[in-house]
Amino acid sequence: MPQTDHLPHSRDYVFSPAIRIMHWLRALAIVVLVITGFYIAWPFLTPYGGSDNLQQGWFRFAHLVFGFVLCAITVARAYLYFFSKSDVERRSWGDVVSPNSWVKQLLSYVWIGKLHKKGVYGPLQYMTYLALTLVIVVMCVTGIALHANVYHDGLGGLLKPAADMIVVAFGGLAPVREVHHILTWVFVIFMVVHVYMAIWSGIRFRHNSVDSIISGYDYHPIKPKKED
Ligand code: HEM
């Protein structure tokens, strides 16, 4: 690997504490939701003939707690995207609508040319996150519909009329559950690709992509080597 320690480095502030905290809280919520969700679908620990220690209930409870955490973060994060002081995320839209930026990004992935980004995300990365956000919205809507269907007090009761409309729109409760279950695989696949790409792009473009979502700072050589 080429050494870059001798080159002057730049330290750019990228992600605010709110964005970093929400990233990791959302990561935790998604991991817990995938594990508890699959357990709800296939409760393999529950002893044959029933149990008196409510494993299914506890898994279901954790699922709901983190489900509502995910709903809350989704709303807060959408607000921050549009109204945060820093426009590093919003600026990336300029690349998404530029065919030239798409070509540059895709070529830079196969070591042809440099990646020039207006904001913090590349266009493909931006579209992937947008698609994932839409899947999260579907998970929140279907999850709330499943919840309101069995819990008629409090928030469940408040959301029941809207939840009923969702159930009708999906053509019944079974399709709601099916969509909620099948889309879980999107998160399993996303997590693997996301972690791989975060590490790979940090090495490929010599930017601190993983560190920036922990410390907030991107630390990279100012004068990249020729082969960049
Ligand atoms: C990344 C997000 C999520 C994932 C991966 C996920 C995954 C799952 C899975 C795999 C199931 C089992 C479906 C089946 O029975 O086959 C499930 C059930 C359920 N989920 Fe989610 N879920 C997510 C978000 C949510 C949210 C946001 C809520 C509500 C706030 C929610 C509420 C529920 C409820 C109420 C059930 C049904 C539990 C039952 O049948 O007793 N989920 N989820």
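**Two loop residues and a nonpolar surface patch**

Trp-111 sits in the loop that runs between α5 (99-109) and α6 (123-150), where helices are DSSP runs (H or I) of at least four residues, numbered from the N terminus. The model is predicted, with local features needing pLDDT of at least 70, side-chain atom pairs counting only at pLDDT 80 or more, and totals for chains, interfaces and linings using all residues. Residues are numbered from 1 along each chain as its sequence is written, and side-chain values use heavy atoms, with hydrogens and water left out.

Most residues other than glycine have a negative phi. Trp-111, although not a glycine, has a positive phi of about 65°, and because its relative accessible area is 54%, Trp-111 counts as exposed (over 50%, whereas buried means under 20% and partly exposed lies in between, with a 1.4 Å probe and protein chains only). Arg-206, in the loop between α9 and α10, is likewise not a glycine and has a positive phi of about 50°, but at 16% relative accessibility Arg-206 counts as buried.

The helices on either side of that second loop lead to a nonpolar patch on the surface, formed by Trp-24, Val-195, Ile-199, Ile-203, Val-210 and Ile-214, with about 560 Å² of accessible area together. Both α9 (184-205) and α10 (209-215) give two or more residues to the patch, and α9 gives the most, with three. Patch residues have over 30% relative accessible area and no salt bridge, with nonpolar side chains (Val, Leu, Ile, Met, Phe, Trp, Tyr) joined within 5 Å and like charges within 9 Å; a salt bridge is a side-chain nitrogen of Lys or Arg within 4 Å of a carboxyl oxygen of Asp or Glu. Accessible areas come from the Shrake-Rupley method with a 1.4 Å probe, and for residues only the protein chains shown count as cover. Ile-214, which lies in helix α10, is exposed, with a relative accessible area of 55%.
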